[in-house]
Amino acid sequence: MAKWFEFEVQALEPIFTKTWLSIFPYFPGLHGSSYFLGVVELITVILLIAGFKRPDLGMIGAGLLILTGLVALSLLPQLGGLDSFIFKDIMVVAIGLTLLKRDLIRWKNNL
């Protein structure tokens, strides 16, 4: 959730300039791109929390979690190597799949 702060915008700059995501900042700019990612992360967290009561919303949140993790993992060949950034996203995808399975079972049982 640090996407709103200048230090995070600066940390994302190499990712936005050295990877296939370089097309993204042309539209909203570097700061706007960082803010957009922050909004997506915030919506994901809200949907995951809402999933405690409504599994359908949890499934959407888990899907967003998986999607953001896969996008980040797609940067691996262009970033050059494994680091904490990539390991975090492997865990994010695994957690998203686990939450999706849990919410899918809960949703199916509520039908």
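User: Which residues does aspartate 103 touch, not counting residues up to four places away in sequence?

Analyst: Keep in mind that this is a predicted model. Aspartate 103 sits in helix H5. Leaving out residues up to four places away in sequence, the ones aspartate 103 touches are Gly51, Pro55, Gly58 and Met59.

User: Is aspartate 103 buried or exposed?

Analyst: The cut-off for buried is under 20% relative accessible area. Aspartate 103 has a relative accessible area of 1%, so it counts as buried.

User: OK, and which residues of H3 are buried?

Analyst: Helix H3 covers residues 55–73. Pro55, Gly58 and Met59 came up as contacts of aspartate 103, and they're on this list too. The buried residues of H3 are Pro55, Gly58, Met59, Gly61, Ala62, Leu65, Ile66, Gly69 and Ala72.

User: Within what arc do the buried residues of H3 fall, seen down its axis?

Analyst: An α-helix has 3.6 residues a turn, so residues three or four places apart point the same way. In H3 the buried residues line one face of the helix, because, seen down the axis, they fall within an arc of 165°.

User: What covers the buried residues of H3?

Analyst: Part of the cover comes from helix H5 (84–110), which is where aspartate 103 lies. The cover also includes H2 and helix H4 (76–79), so to speak of the helices named, they're H2, H4 and H5.

User: How far apart are the end C-alpha atoms of helix H3?

Analyst: Helix H3 has 19 residues, and at 1.5 Å a residue they should span 27 Å. The model agrees with that: the end C-alpha atoms are 26 Å apart.

User: Which helix gives the most to the nonpolar patch?

Analyst: The patch is on the surface and is formed by Trp4, Phe5, Phe7, Tyr35, Val39, Leu42, Ile43 and Ile46, with about 760 Å² of accessible area together. Five of its residues come from residues 29–50, so to name the top contributor, it's helix H2.

User: What is the relative accessible area of tyrosine 35?

Analyst: Tyrosine 35 lies in helix H2 and is one of the residues of the nonpolar patch. Patch residues need over 30% relative accessible area. Tyrosine 35 is partly exposed, at 33%.

User: Zooming out, how many helices are there in the protein chain?

Analyst: Read along the sequence, the pattern is α-α-α-α-α. There are zero strands, and the number of helices is five.

User: And what share of the 111 residues counts as buried?

Analyst: Aspartate 103 is among the buried residues. For the protein chain, the share of its 111 residues that counts as buried is 30%.

Conventions. Residues numbered from 1 in each chain as written. Predicted model: local features only at pLDDT ≥ 70, side-chain atom pairs only at ≥ 80, totals over all residues. Heavy atoms only, no water. Patch = residues over 30% accessible without salt bridge, like charges linked within 9 Å, V, L, I, M, F, W, Y side chains within 5 Å. Areas by Shrake-Rupley, 256 points an atom, 1.4 Å probe, with all protein chains shown as cover. Salt bridge = Lys/Arg side-chain N within 4 Å of Asp/Glu carboxyl O. Helix = DSSP H or I, 4+ residues; strand = E, 2+ residues; numbered from the N terminus. Buried < 20%, exposed > 50% of the residue type's maximum accessible area, 1.4 Å probe, protein only. Expected span 1.5 Å × (residues − 1). Arc of directions from axis to C-beta. Contact = heavy atoms within 4.5 Å.
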